[in-house]
Amino acid sequence: MYAYGCSLGAQILALYMIKEGRKACKVLDGALLYGTPWSTSKGSDFFYKNAFGIYQKMIGLNLSEDIRKKQLPLMKPYLSEEDYAHYEQVLSTNWTGMKALDDHIFTRMFGYSNAQDYYDQVTIAERANEIKVPTFALGATDDQICGHMFAPTKAA
């Protein structure tokens, strides 16, 4: 079986292969990572400020609506009333983009102490050599979202 991940999906796939190491090789014959945000700890500032923040804002607003309308109702039985109300409030009033999600949704939902802790924990560039599954990664030097300067070219 081959796996493909694009953007955040590529990051999640890479994190899976890093975390599972040789176990991932039993499940996957190969992987393709496309448009990967390699280093969220180093690249978050680039992402938030590049192109006057338009990309992060549009991605964040659309993702907020998607989570609020589609995922949050499915999660309600598993959340405390306080957590559900918090997520609903942040998602329905998010006019800033991804930063609100990083600061108030993902950090709380996944138990990170703050956004920087979250970025540090999900960064894959410094751990790319831990991927044991044969992997092809494709990106662009003019990527306006991920920034090619954060790709682990030396490790590759």
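Let me start in helix H4, residues 54-75, where Lys69 and Glu65 both lie, 4 residues apart, or about one turn of the helix. This is a predicted model, so please hear everything that follows as computed from that prediction. Lys69 and Glu65 form a salt bridge, with their closest N and O atoms 3.3 Å apart. As for their surroundings, Lys69 is exposed, at a relative accessible area of 55%, while Glu65 is partly exposed, at 29%.

That pair is also part of something wider, since Glu65, Arg68, Lys69 and Glu88 are linked in a network of salt bridges. For the structure as a whole, the count of salt bridges comes to 10.

Let me take two others from that set. The side chains of Arg108 and Glu82 meet in a salt bridge, at 3.3 Å from N to O. Here Arg108 lies in helix H6, residues 98-110, and Glu82 in helix H5, residues 81-92, so this pair ties together parts that are 26 residues apart in sequence. Arg108 counts as partly exposed, with a relative accessibility of 33%, whereas Glu82 is exposed, with a relative accessible area of 61%.

The other one joins the side chains of Arg127 and Glu130, again as a salt bridge, at 3.2 Å from N to O. Both ends of this bridge are partly exposed, Arg127 at 32% relative accessibility and Glu130 at 30%.

Now I turn to the aromatic side chains, where the structure holds 5 aromatic pairs. In one of them, the rings of Phe46 and Phe150 have their centres 6.1 Å apart and their planes at 65°, and the pair is therefore edge-to-face. Phe46 belongs to helix H3, residues 40-49, while Phe150 sits in the segment after strand E3, which spans 135-138, so this contact ties together parts that are 104 residues apart in sequence. Phe150 is buried, with a relative accessible area of 17%.

A further pair is made by Tyr118 and Tyr119, whose ring centres are 5.7 Å apart with the planes at 45°, so that this pair is classed as tilted. Tyr118 and Tyr119 are both buried, and together with Phe106 and Tyr112 they form one aromatic cluster.

Finally, there is a contact that brings charge and ring together: Lys76 lies over the face of Tyr84, at 4.7 Å from the ring centre.

Note on methods:
Residues are numbered from 1 along each chain as its sequence is written. This is a predicted model: local features need pLDDT of at least 70, side-chain atom pairs count only at pLDDT 80 or more; totals for chains, interfaces and linings use all residues. Side-chain values use heavy atoms; hydrogens and water are left out. A salt bridge is a side-chain nitrogen of Lys or Arg within 4 Å of a carboxyl oxygen of Asp or Glu. Helices (H or I, at least four residues) and strands (E, at least two) are DSSP runs, numbered from the N terminus. Buried means under 20% relative accessible area, exposed over 50%, partly exposed in between (1.4 Å probe, protein chains only). Rings of Phe, Tyr and Trp (its six-membered ring) pair if their centres lie within 6.5 Å; planes under 30 degrees apart count as stacked, over 60 as edge-to-face and the rest as tilted. A charge sits over a ring if NZ of Lys or CZ of Arg is within 6 Å of the ring centre and within 35 degrees of the ring normal.
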